[in-house]
Each structure stands twice: as structure tokens, then as C-alpha cells.
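Subject: A structure for you to look at

Hi there,

I am handing over the structure we talked about, and I hope you enjoy exploring it. Please open it first, and then read my notes alongside.

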Amino acid sequence: MVLKGKKILIGISGSIAAYKMPLLVRLLMKEGAEVQIIMTPAARDFVTPLTLSTLSKRPVLTGPFNPVDGTWNSHVDMGNWADLMLVAPASATTLGKMANGIADNLLVTTYLAAVCPVFIAPAMDLDMFQHPSTRQNIKTLQSYGNHLIAPREGELASGLCGAGRLEEPEVILEILRDFFKGIQSWAGKKVLITAGPTVEPIDPVRYISNHSSGKMGYALAEEAIKRGADVTLVSGPVSLPAPSGVTLIKVHTAQQMLEACQKVFDASDLLIMAAAVADYRVAAVSDHKIKKQGGAGTPALDLVENPDIVKTLSAHRNDGQYIMGFALETDNELANAQSKLMSKGMDAIALNSLNEQGAGFGTDTNKVTLIHRSGISYTSGLEPKAGIAGRILDFIEETIVNP
Ligand code: C5P
């Protein structure tokens, strides 16, 4: 089920062939895909939003905001959300607007904001399809890297016969399936990812922890799943949903995280330690709530050092295992990251700086410098964490010895 969990954005424009789209939506939903539909105003004359929203289990969007409650339908959010955008049927008008950046409806604004692969399935009468302007628009769109699902020859709504029929839903489904199969570059790889903070109890109600939200680790897990990997995510307490398809192991303390990782590490090809592990735990956890001292001094906490998880694991690594860690530094960033890379026996380290606005704990964006022990390095721009996850996995692909 290669389409399971894939986020598919479908743009429907005004063409009689829109009647085929409910069937395609049904097929995609049966495969376990998540489908968000955007229609141009003209498309609503050919197929109803009610049919499509019922099948896709999501409201169908037409305009930039909901006229009833004013909710903004963010084209940028949708463009970032999607794993793939399909414009089908793509009318001559919509092709023209997409090719020339005429962003006067939600479909085209979303297309321009989309960072995912885009497939375009034109449908129109044969003379419109043959017209040099349509031909040119399609060429332009292909030159931008969009994928064409060429229309079929056959009987058209006008009664004429020729090229212009929207490809059949079953065939479009097959094309999308094959596309995702082709980009499953991590198929067969077992990936262990840690995420979130660890929580070290003081007494039954209090603990020592940190601000890690887990967002970076969860984004990495999602990206590895997209690339076809078999992902185990060992996570400290966070308020994020598990990406679909991962094996999630929930832990609290560093000791529990170490034990969970030790069970899985041996059989893993890759370890990405994105968790913010607490360096210390309380030596003797009180089994009752520690009371105020009532002016008789302050309680003292005796701390002991937690095991270094990545160091412990890397000491017993198998040949060909790749280990990446993270470093969050406030000063001497590069030098500190480099020395951690070596002292913890890692292959690569992702450095994020607390000095960088929009990067680090809790944010939805991040900026990282990736350093491989060979000296190869890469610095990203400030991007959503999903994009950064892609850069990190690309970097691992580039620097892995046994791909
Ligand atoms: O030393 P520092 O905490 O900055 O090192 C960061 C890297 O080491 C991260 O990849 C983190 O997950 C890992 N780490 C660990 N065990 C610890 C502390 C950090 O594996 N006890």
C-alpha cells in the first residue's frame, strides 16, 4: 500500500471530465491516502463539493477563506502539507493560469506555493488541446518539472473524436502508485529515531526535563516513512500524533530510552538521535511528594549522570550502521559540535543553534548545519521542520558508505 498515509492535494478545474474525480478520490481513500480537494469556481458546475467532501472526508475548498466564518484556507499551508498535487481535470484556462502564474483562484495560488511534485492531467476538446497556446502552456509547465498525465484519444463530450479525454481514474491511480514506488529510496532500511525530551522524576509529581517539543524527530520519522523505511520512533513525552506507519515506543526517562534503543539498535541500519536527553537524573527519587521545609532550609537534590545513549550504542555498532546525532549549542557552536561528533562515535551531527531566530526548541522551523566525520558539511536555510527533515535524509544518502 504505497499510497497509505500519503497526502494528496487534488485541484479540480472546470471540465466535463470532472465527473470522473469522485471515483479517483474513492480509489485513493481506499488505498489509505489523505485527500484534500480544491475546486475552481467553474468546476462546481460539473461535480458537487458535497459528493467530493463526503468521499474525501474533508471540506472541499474553493476560495481563499470560508465565507461563513471567515476561516482562511492557507494555500501556503496546503502547499507544504501535500506529498503530491494532482491537477485533474486541468482545463485550458487552468493550464494557462498555472503556466503564467495568474494566481486568481485558490487552485493556482496553492499550485504556486506547492513544494511537492505536481501531476497535471489535462482534459478538453481536441481542437483546444491541439491549439498552440495549450501546447505551449503544457511545455512550459513540463519545463518547470511538473509531470504530465497526457489525455487519451477517444470520443469527447462534443461528439468529436481525438485526444482530450481525461485519463481513466484507475490509470491515474497506477501512475501515482508507480511514482511513489520510484521514490522509495529507503525501502528495506530499518531506521531508529529518538525524539522529544526525557523526563527524570524528582518525586511522584515533579520532574527534571527540557523544552524539546519532539517536532524535529517526528518530522524525520515521517520523512523516513515517505522514503519507504521501516521506522521505530522512541519518543519521550510530547503532544504530537505518531506519524502513520511508524512503530512508536513511548518512554519517560533516559534509562528507559536507552533500554528501548538497545532492543532495536542491533537490527537497525541507521540511528538518528534527535531526542534531548537529560544529562542528569535525581539519585534517589522520593516516593512521596517532597514537602516545603517551612523555613528550615531548602531541599538539596543529589544528581547522578545519565548514560550517554548514543555513546553507549556507538561503542557496540555493527559494520555499516550509520549514526547521526544532534547538537544544540549556544557558544563555540561548530567546534563543540565537531568534538561531540568524534567523542560520541557518530558519523554525522546536525547542529542547530539557539542563537538563530526560528531555529531550535518548540519552533515549527529550523536551520541546521550538517557535518559528516569526513569533513563534508552542509548548511540549510531556515525552513519548516518537514523540509529540514528532507535535507537531513538527503545528506545521509550522500554520505552513507553502504547505500
Ligand atoms: O552532549 P549533548 O547532549 O549536546 O549531545 C547531543 C547528542 O547526544 C544528541 O544526539 C543526543 O540525543 C545525544 N545524547 C545521548 N545521551 C545523553 C545525552 C545526549 O544520546 N545522555
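Below is what I found, going from the whole chain down to single side chains.

Please keep in mind that this is a predicted model.

The whole chain

The C-alpha trace spans about 90 × 50 × 35 Å along its principal axes. The chain contains 13 helices and 21 strands. Of its 403 residues, 49% are buried. The domain assignment splits the chain into domain 1, covering 7–182, and domain 2, covering 190–401. The C-alpha centres of domain 1 and domain 2 are 40 Å apart.

Two helices that cross

Have a look at helix α9 (residues 215–226) and helix α13 (residues 385–399), whose axes come within 8 Å of each other. These axes cross at roughly 60°, so α9 is oblique to α13. As for handedness, the crossing of α9 and α13 is right-handed.

The aromatic rings

The structure has two aromatic pairs. As a reminder, two numbers describe a pair of aromatic rings: the distance of the centres and the angle of the planes.

The rings of F119 and F179 have centres 5.0 Å apart and planes at 75°; planes over 60 degrees apart count as edge-to-face, so this pair falls in that class. Where in the chain do F119 and F179 come from? F119 belongs to strand β4 (residues 118–122), while F179 belongs to helix α8 (residues 169–182). The pair therefore links distant parts of the chain, with the two positions 60 residues apart.

The other pair joins F179 to F180: here the ring centres lie 5.7 Å apart and the planes stand at 70°, so this pair is edge-to-face too. Together, F119, F179 and F180 make up one aromatic cluster.

Are these rings buried or exposed? F119 and F179 are both buried. F179 has a relative accessibility of 17%, and because the cut-off for buried is under 20%, F179 counts as buried. F180 is buried as well, with a relative accessible area of 3%.

Charges over rings

The cluster also has a charged neighbour: K6 lies over the face of F180, 5.2 Å from the ring centre. Elsewhere, the charged end of R135 sits over the ring of F129, at 4.6 Å from its centre.

If you would like a place to start, try F179, which takes part in the pair with F119 and in the pair with F180.

Happy exploring, and best wishes

Technical notes
Residues numbered from 1 in each chain as written. Predicted model: local features only at pLDDT ≥ 70, side-chain atom pairs only at ≥ 80, totals over all residues. Heavy atoms only, no water. Phe/Tyr/Trp six-rings, centres within 6.5 Å; stacked < 30°, edge-to-face > 60°. Helix = DSSP H or I, 4+ residues; strand = E, 2+ residues; numbered from the N terminus. Buried < 20%, exposed > 50% of the residue type's maximum accessible area, 1.4 Å probe, protein only. Lys NZ or Arg CZ within 6 Å of the ring centre and 35° of its normal. Domains from an automatic or database assignment. Axes fitted to C-alpha atoms, helices over the stretch in contact; angles between N-to-C directions. Parallel < 35°, antiparallel > 145°, perpendicular 65-115°, else oblique. Left-handed = near helix turned anticlockwise from the far one by under 90°.
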